[in-house]
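Got your viewer ready? Please walk me through this structure, from the whole chain down to one helix, and tell me what to select at each stop.

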Amino acid sequence: MKMIAPSILSADFSRLGEEIGAVERAGADWIHIDVMDGHFVPNITIGPGVVSSLRKTTALPFDVHLMIARPEAYIDAFAAAGADVITVHAEAATHLHRAVCAVRERGIKAGVSLNPATPLAAVEEILGDMDLLLIMTVNPGFGGQRFISSLLPKIARARRMIDASAPGVILQVDGGITVENIAAASRQGADCFVAGAAVFGADDYGAVIGAMKRLAASPQERL
C-alpha cells in the first residue's frame with residue numbers, strides 16, 4: 001500500500017493541532033515532522049517538547065525526520081515525545097549503525113535519509129538493520145522546493161537494492177512531491193511520499209491526498 005505523509009513544515013504553525021486533525025480526516029497515513037537545528041541544515045524548526053504536545057492530537061504514526069547534527073544525542077528525547085519512526089541522516093551520524101540500533105532498541109522504526117548527492121552505498125552494508133530508507137529529492141532545509149527529477153533513477157536503484165537484500169524496508173521519498181510527479185516517483189518503487197506544500201498549500205486537503213493516493217497506486221514501468 002502506498003502511503004502519504006504530510007509534512008507539517010508547510011502547515012500553519014499557529015494551529016498545528018488543527019492542521020494535523022485536518023490531514024488525518026483527509027486520509028493521511030503518517031504525520032511527517034521535520035526537525036531542523038540551524039547547523040546541519042540552514043533552518044530551525046521544532047524540538048521534542050512540541051512533538052510531545054502534538055502527540056496528544058492524533059493516533060497517526062509520527063514520522064520524525066532529524067535534520068540535525070549529532071542526532072544520536074536526541075534519540076531518547078524524541079522517542080519519549082512519541083515518535084513512531086525516527087530517521088537520521090547518513091551525513092550527520094558519526095556512527096550510523098549505532099544510531100540505527102539505538103532507535104530500534106527503543107521499540108521505534110529506524111530510518112536513514114540520504115541527501116541528493118549521497119550515494120546508496122552509504123547504507124548498503126546496514127540496510128538489513130533499518131526499517132526505512134528516505135531518498136531526499138531536494139536539498140534539505142526548506143519546504144516548497146522543486147522536485148529534482150534527475151533523482152528518479154536513484155529511487156529505482158534503491159528499490160532494487162531493498163528488494164534484493166531487505167524487502168521489508170520502506171522506501172520513502174521527500175522533497176517537492178506533488179500530484180504532477182508522485183506517479184513518476186511511485187513507478188520507481190517508492191512506498192511512502194512526504195508532501196508538505198502540495199498538501200498544506202491546497203484549499204482541499206482531502207482532494208490532494210486522495211489524488212496522490214490514486215496516482216501513486218497506478219502501476220507503470222520503472223526505469
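Start with the contact map of the protein chain: among contacts between residues at least 6 apart in sequence, 65% join residues at least 24 apart. Keep in mind as you go that this is a predicted model.

Now switch to the cartoon view, where the protein chain shows 9 helices and 8 strands. Draw a box around the C-alpha atoms along the principal axes, and the box comes out at roughly 45 × 45 × 30 Å. The radius of gyration is 16 Å, which agrees with the value near 17 Å for a compact globule of 223 residues.

Next, turn on the surface. About 9,300 Å² of the protein chain is accessible, and 51% of that belongs to carbon and sulfur atoms. Buried residues account for 57% of the 223 residues. If you colour by charge, you will find 19 positive and 24 negative charges, with mean positions 3 Å apart.

Time to zoom in: select helix α4, residues 96-105. Which residues of α4 are buried? Show Leu 96, Ala 99, Val 100, Ala 102 and Val 103 as sticks, and you have them. These residues lie on the same side of α4 because they cover an arc of only 160° around the axis. Rotate to the other side of α4, and there Arg 98 and Glu 105 are exposed.

Go back to the buried residues of α4 and add their packing partners: α3 (75-81), β4 (85-89), β5 (109-114) and α5 (121-124).

For the last stop, pick Gly 107, which follows α4 and has a positive phi, near 75°.

Methods
Residues numbered from 1 in each chain as written. Predicted model: local features only at pLDDT ≥ 70, side-chain atom pairs only at ≥ 80, totals over all residues. Heavy atoms only, no water. Buried < 20%, exposed > 50% of the residue type's maximum accessible area, 1.4 Å probe, protein only. Helix = DSSP H or I, 4+ residues; strand = E, 2+ residues; numbered from the N terminus. Arc of directions from axis to C-beta. Contact = heavy atoms within 4.5 Å. Rg over C-alpha atoms; globule rule 2.2 N^0.38 Å. Areas by Shrake-Rupley, 256 points an atom, 1.4 Å probe, with all protein chains shown as cover. Lys, Arg positive; Asp, Glu negative; His and termini not counted. Charge placed at Lys NZ, Arg CZ, Asp CG, Glu CD.
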